[in-house]
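Hi,

Here is the structure I promised to pass on. Have a look at it first, and then read my notes below.

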Amino acid sequence: MPTAIYVFVWAVTAALVTALIALPISLQAHLIASTILVSAMILLKLLRPLGVWRLIALGLGTAIVLRYVYWRATSTLPPVNQIEDFIPGVILFIAELYNIGMLFLSLFVVAMPLPRRETPPIDLENAPTVDVFVPSYNEDADLLATTLSAALAMDYPAGKLQVYLLDDGGTDEKCNSDNFAAANAAKQRRATLQKLCTGLGVTYLTRERNLSAKAGNLNNGIAHSQGELIVVFDADHAPARSFLTETVGFFARDPKLFLVQTPHFFINPDPLERNLRTFKEMPSENEMFYGIIQRGLDKWNASFFCGSAAVLSRKALLTTNGFSGRSITEDAETAITLHAAGWNSVYVDKPLIAGLQPATFASFIGQRSRWAQGMMQILLYHRPLLKRGLSLPQRLCYTSTALFWLFPFARMIFLIAPLFYLFFGLEIFVATGGEFIAYIVGYMIVNLMMQNYLYGRYRWPWISELYEFIQSLYLLPAVISVLINPSKPTFKVTAKNESLETRRVSELGMPFLIIFIILALGVVAQYWRTIAEPYNADTTLVVGLWNIMNLLMAGCALGVVSERPEGRAARRFAVKRRGEMALNGEKMPMVTENASVDGIAIRIGGTSIGSKPAIGDQALISFETSLAMPSGTLPIRIKRIEQEAEGLMLGCRYEPSEPLHSRMIADLAFSDAERWSRFQKARRNNIGVVRGTTRFLRIALFQTSRGLSYFMGLYRLGKVASKPSAAE
């Protein structure tokens, strides 16, 4: 399309937006205009969803949003002399302005994100040396063994890759603690991990004291290593073999590059996905960030370090004295410091590691509390919008990321606002029922459509609201504590490799039941107010529907905190390898069907079976590996047997006892990144606003009944967690 036509289209759009916002129009005219613009957005979504047409559609949506803001500011605020209405009315309006401001910042960041980058080749003869850091605090040796083995198996020129285990759980400070039990545990941990590292060929590092948490641990690694590039993997983030070949080449292109960040892909569901049973069909929560937002940030040279699955330049880190440790989110703080110093970043949109998410709701909230508090510290300490050295786009990007974590304030205000009217008759929103429908319904539809334009393949309708709802109750006090005392938060490690074996109600679940009951009483109040004040029936209906929507969210939250066993199959991916199984002195051919870090499913043919396998039997398996390693067998124990047409399917658990076993497990579970990409792609489907809303309503109704049954039944049976987990 010629430039002149672009200019003409944008000029017409700008004129239309200005007219809709500034001109005083009747309610009927607003309805007609809104209907026309929404119809145009739908047509553009169906016919021209990409390129400049996408921007035009978003511009039309912006017109309706701004018109709504104009109406709210000029026509709906209570009179100042009615202080009991005015104060909560203004608070509600501020919460709405926050949401709208975040929408506009999101438009800036992700309206036209970068496409996936092409991977530059590595000059193998001049490849930079690489140090891999795996920081650890309290993780099990088996988990660390698998991650370290996967790191060792990465494709890279011989002699240029060194793997380090940075153990903060076996420091001198811990080994010499006055608590003898804790000291003995730290000494035993150090000895166990030293033996593991010796067997794998990994360098074990610890330090004298646990200063500056993870940042201090990483900086200790820098002080004891030499590599030109530093790769960081969390203890439960095992890389694919192709991790370095997909990332290192970018550093040869740009001498000012400090970071290549890749997505965090998780092989297990978070508490919402597990308890609502959405993991295999709905995009995960983090996919919106890693699938679209990081690409948008990358367009403005503002993609940032996420703590793991990243390659960093030692030269760049040394210019700022290593990893920043003033906040408890050392990753984003390190990135903003280096961006402000003139260094660049790159984001590679391809899952190259597989990690584990918190399994329990309590651990999930603990993790998010740390993120929220850390970003608030960055907002207060670094003031991204004013930070010297950042470009204007970078300032807006970092400000958007930090301000996002203020959502608990807005979410809680939206939760209680309708109750002011239903319980106390306070008119904090001055409008007739017709105006409510004309302006608010149009605004909500456009808001949903704009979110669908931006994130449709990565986030289904109403799911963001649900995630924010379940976090807000606990993140609100966490954020407030930082705003009062920025230096108060301390780094807490997220629990790794948790599992749930029985049904239970989360130890953090009771407040959600209380909220649900209060909102249900709001429905009763709505019914009473409709009968007692029929002349306000239209307003009562609209406010009551708002409260019912909150009630559905609260019902969904009851389902989220009603925790059920995960099932290890959720962590498994298809892996086809031929091999041999030795059982009871007999050998038989086998084929692997799927594998994870925990176990494996193998198939053996009926004609090849001598003695019949039994549950509990121990066997040895050998199989084709994707890289050269010493030949050997992997011990397994049979946990499940199924008779199928093609033979017996055996579900087995690994029983590793030496480093070679960990290497074999890592090769099965983590060698191929393409299987993770295929899994992501299968979940990334845009189901649309109407279908997504209908689906959410079905989920909410079902989860409300399931959650209530858990609370009534499991509390009576005493199957409720009684104390928080020790670690985040």
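Let me start with helix H14, where 20 of the 22 residues are buried, so the rest of the structure largely encloses this helix. Buried here means under 20% relative accessible area, with exposed being over 50% and partly exposed in between (1.4 Å probe, protein chains only). Helices are DSSP runs of H or I with at least four residues, strands are E runs of at least two, and both are numbered from the N terminus.

Before going further, a word on the model: it is a predicted one, so I kept local features to pLDDT of at least 70 and side-chain atom pairs to pLDDT 80 or more, while totals for chains, interfaces and linings use all residues. Residues are numbered from 1 along each chain as its sequence is written, and side-chain values use heavy atoms, with hydrogens and water left out.

**Two helices**

H14 covers residues 361-382, and its end C-alpha atoms are 31 Å apart, which agrees with the 32 Å that 22 residues should span at 1.5 Å a residue. (The expected span is 1.5 Å times one less than the number of residues.) Right after H14 comes Arg383, with a positive phi near 45°.

H20 (residues 537-561) has 25 residues and reaches 35 Å from its first C-alpha to its last, close to the expected 36 Å. Of its 25 residues, 18 are buried, so H20 is also largely enclosed by the rest of the structure.

**Strands**

I count two strands as paired if DSSP finds at least two bridges between them. One open sheet has three strands in the order E5-E10-E7, with mixed pairing. Its edge strands are E5 (238-239) and E7 (265-266), each of which pairs on one side only. E7 runs parallel to E10 (residues 353-355), with two bridges between them, and Phe265 sits opposite Ala354 of E10.

Elsewhere, E14 (residues 578-583) pairs with E15 (residues 586-595) in the antiparallel sense over six bridges. Arg578 faces Val591 of E15 there. The E14-E15 hairpin has two residues between its strands, and Asn584 in it takes a positive phi near 55°. E14 is also antiparallel to E17 (residues 618-623), joined by four bridges, with Glu580 partnered by Ser622 of E17.

**Salt bridges**

The whole structure has 26 salt bridges, counted when a side-chain nitrogen of Lys or Arg is within 4 Å of a carboxyl oxygen of Asp or Glu. One of them joins the side chains of Lys350 and Glu246 at 2.9 Å, N to O. This pair links distant parts of the chain: Lys350 is in the loop between E9 (344-347) and E10, Glu246 is in the loop between E5 and H9 (250-253), and they are 104 residues apart. Both Lys350 and Glu246 are buried.

Glu287 is worth a look too. Its side chain meets that of Arg683 in a salt bridge (2.5 Å, N to O). Glu287 lies in H11 (residues 285-299) and Arg683 in H22 (residues 674-683), so this pair ties together parts 396 residues apart in sequence. Glu287 is buried, at 2% relative accessible area, and Arg683 counts as buried at 1%. Glu287 also forms a salt bridge with Arg684, with the closest N and O atoms 2.7 Å apart. Arg684 is in the loop between H22 and H23 (689-717), 397 residues from Glu287.

**Cavities**

For cavities I used a 1 Å grid over the protein atoms alone: a cavity is a set of points where a 1.4 Å probe fits but cannot get out, and lining residues have an atom within 4 Å of a point. There are seven cavities of 30 Å³ or more.

The largest holds about 70 Å³ of space, a volume being the space filled by probe spheres set on the points, which are joined across faces, edges and corners. Its lining includes Tyr455, Arg459, Trp460 and Trp462. H17 (433-455) and H18 (463-484) each supply at least two lining residues, with the largest share, four, coming from H17.

The second largest cavity has about 50 Å³. Among its lining residues are Leu143, Asp236, Ala354 and Phe670. Of that lining, H5 (141-152) and E10 each supply at least two residues, and the largest share, three, comes from H5. Ala354 thus turns up here as well as opposite Phe265 in the sheet.

Cheers

Definitions and conventions
On a 1 Å grid over the protein atoms alone, a cavity is a set of points where a 1.4 Å probe fits but cannot get out, and a pocket is an open set with protein on both sides within 12 Å along at least five of seven lines; lining residues have an atom within 4 Å of a point.
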